[in-house]
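Colleague: I am new to this structure and would be grateful for a guided reading of it. May I ask how each term is justified?

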Amino acid sequence: MGRKKTNFDAIPRVNIAHLPTPLEYAPRLSEELGCHLYFKRDDCTGLAGGGNKVRKLEYLLADAKNQGADTLVTIGGLQSNHARQTAAVAAKYGLSCELILDDIEGTPKSDYYHNGNVLLDNLFGANIHRLDIGQDCDAYAETLIKKLTSDERKPYLIPIGGSNVMGGYGYIRCANEIIQQIETQKLKIDQIVLATGSAGTQAGLLAGLIAAGSNIPVLGICVSKTTEDQKDLVGSLLRDILKNIGLEPELAKGKVNCNDNYVGESYGVITDAMISAVKDTAQLEGILLDPVYTGKAMAGLMDLCNQGIIKAGSNQLFLHTGGSPALFSYCEIF
Ligand SMILES: *Cc1c(COP(=O)(O)O)cnc(C)c1O
């Protein structure tokens with residue numbers, strides 16, 4: 001109704017990721033699960049061990065540069081993949097990087113403070129502000145931004161997980177890639193399954209599918225929140241993204257589907273199902289998942305297959321969002 005459709009390709013963006021990422025069949029896991037399982041390999045976006053945040057950072061960095069920023073500031077858990085990818089992008093573009101990372105209760109600790117993503121953050125030259133369990137990251141960020149500004153620096157704050165409208169644009173592009181690959185490979189995909197946390201990936205992907213007129217359902221397996229809270233988070237960002245690309249926010253209606261059965265105790269805390277999903281995927285396909293996101297999402301996909309909720313013989317596309325560097329910080333459980 002009178003909304004002007006945005007020229008999506010004109011939105012400023014830098015080229016960082018190796019695109020398109022492969023969309024490939026997983027024959028041995030498929031046989032094990034009784035459905036046809038494909039992987040969209042966003043663990044192979046190329047930068048710094050790869051992962052989904054690189055696509056978001058293509059837009060966020062373009063905005064930071066337009067604003068004349070000299071420092072990227074972001075927030076996450078101590079083993080945040082988003083923080084690692086932000087640190088790498090900052091290094092690549094000659095910006096400083098300030099990471100505000102909080103400790104996560106209930107995670108294995110022998111390698112949590114120095115290995116995995118933390119090791120890489122340091123290697124990329126980021127400055128880590130390590131916060132205690134439960135400390136207020138947003139308040140800390142606000143103070144830090146003020147301090148940096150008074151020191152004549154030009155900080156650019158990237159929200160947790162890079163999940164705002166601009167970050168979401170990265171997954172509109174991913175949706176378009178998927179649609180094209182499905183066409184080229186002559187596939188029929190019944191559902192896309194992914195890990196959903198700060199919501200930008202699921203919201204952006206849905207926006208891209210809606211914009212392209214695709215009806216492929218998307219199932220987000222929660223890694224922290226309840227189903228209802230996650231649906232609210234994804235839905236509200238999806239409506240914002242739709243508005244910003246000139247589409248009706250009401251198109252989001254009925255599209256957001258989440259499942260919180262596989263979170264376990266809480267974010268980052270291990271589950272037995274996650275451990276076996278990580279092992280099975282490694283041993284049947286040679287593909288590395290991670291303990292916090294994709295391991296739990298795959299545990300969900302496997303259980304839904306076993307329960308027959310995902311139908312035998314159906315075609316499932318697992319969006320592999322990366323995260324394997326975190327395996328090294330959980331080494332004692334493997
Ligand atoms: C951040 C992350 C996700 C979740 O993406 P959101 O956009 O935050 O929902 C999934 N998998 C991995 C490996 C991640 O690092």
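**Backbone and ligand site**

Modeller: Lys186 is placed in the loop between helix H6 (165-184) and S7; helices (H or I, at least four residues) and strands (E, at least two) are DSSP runs, numbered from the N terminus. This is a predicted model, in which local features need pLDDT of at least 70 and side-chain atom pairs count only at pLDDT 80 or more, while totals for chains, interfaces and linings use all residues. Residues are numbered from 1 along each chain as its sequence is written, and side-chain values use heavy atoms, with hydrogens and water left out.

Colleague: What is the phi of Lys186?

Modeller: The phi of Lys186 is positive, about 55°, although Lys186 is not a glycine. Most residues other than glycine have a negative phi, and most peptide bonds are trans.

Colleague: Which residues does a cis peptide bond join?

Modeller: The cis bond joins Leu19 and Pro20, with omega about -5°. Pro20 lies in the segment before strand S1 (23-25).

Colleague: What makes the contact of Lys53 with the ligand a polar contact?

Modeller: A polar contact is a pair of N or O atoms within 3.5 Å; within protein, one must be able to donate a hydrogen and the other to accept it, and residues adjacent in sequence count only if both atoms are side-chain atoms. A polar side-chain atom of Lys53 lies 2.9 Å from an oxygen atom of the ligand, so the pair qualifies. For a polar backbone atom of Gly197, the distance to a ligand oxygen atom is 2.7 Å, and for one of Gly200 it is 3.4 Å.

Colleague: Which classes make up the shell around the ligand?

Modeller: The shell has three nonpolar, eleven polar and three charged residues. Here Ala, Val, Leu, Ile, Met, Phe, Trp, Tyr, Cys and Pro count as nonpolar, Asp, Glu, Lys and Arg as charged, and the others, Gly among them, as polar.

Colleague: Which elements each supply at least two residues of that shell?

Modeller: Helix H2 (53-66), strand S7 (191-196) and helix H7 (200-211) each do so.
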